[in-house]
Amino acid sequence: MKYKRSEYWKDQPKSDRAKSMNKRFNSYIQKRKARDKKVLERENLLKVIGDKCLICGSKKRLFLHEVYGKKHPSDYSYILSHAKDFVPLCYKCHMSVHWLMSVFKLSWIQILSVVEYSKSL
Ligand SMILES: [Zn+2]
């Protein structure tokens, strides 16, 4: 038989319900804390690396792009300690950069010179 949540708890001892609520609350708090920590870490990374897209200047949907195309861990401490290898790019520019890299096999330096050239037009 399938219980509705409210009906299920009617048949359970009160302490079980309290325990379960407690467990759910604690796991919520833990997830919330982890999320808050991630938000702070990201804010700090954007402070260190830059908070607007290097190509178009947008501040929306920023990605931290690893300029050498190396595979890298995406954790806070790695990016912070290799901050000079990362640049902020918005979603669209990040997609474009990866497209240029994969289709034309351009390096980051070549992509930058294309960007500089198109800005000078
Ligand atoms: Zn951009």
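The questions and answers below go through the fold, the packing and two unusual backbone angles of a predicted model. Residues are numbered from 1 along each chain as its sequence is written. Because the model is predicted, local features need pLDDT of at least 70 and side-chain atom pairs count only at pLDDT 80 or more, while totals for chains, interfaces and linings use all residues.

Q: In what order do the elements of the chain run from the N terminus on?
A: Helices (H or I, at least four residues) and strands (E, at least two) are DSSP runs, numbered from the N terminus. The chain has 5 helices and 2 strands. From the N terminus on, the order of these elements is α-α-β-α-β-α-α.

Q: What radius of gyration does the chain have, set against a compact globule of 121 residues?
A: The radius of gyration is taken over C-alpha atoms, and the globule rule is 2.2 Å times the number of residues to the power 0.38. Along its principal axes, the C-alpha trace spans about 75 × 30 × 25 Å. For a compact globule of 121 residues the value would be near 14 Å, but the chain has 23 Å.

Q: How much of the chain counts as buried?
A: A residue is buried if 20 or more other C-beta atoms lie within 10 Å of its own, exposed if 12 or fewer, and partly exposed in between, with C-beta atoms placed from the backbone. By this count, the buried part of the 121 residues is 10%.

Q: Which element gives the most residues to the largest nonpolar core?
A: A nonpolar core is a set of buried Ala, Val, Leu, Ile, Met, Phe, Trp, Tyr and Cys residues joined through C-beta atoms within 7 Å. The largest one has 10 residues, among them Cys53, Leu62, Phe86 and Val97. At least two residues of this core come from each of β2 (86-90) and α4. The element that gives the most, with 4 residues, is β2.

Q: Which residues is Val97 in contact with, leaving aside its neighbours within four places in sequence?
A: Two residues are in contact if their C-beta atoms, placed from the backbone, lie within 7 Å. Val97 belongs to the largest nonpolar core. With those neighbours within four places left aside, its contacts are His65, Leu89 and Ile111.

Q: Is Lys105, a residue with phi near 55°, buried or exposed?
A: Most residues other than glycine have a negative phi, whereas phi of Lys105 is positive. Lys105 lies in the loop between α4 (91-104) and α5 (108-120). Because 8 other C-beta atoms lie within 10 Å, Lys105 is exposed.
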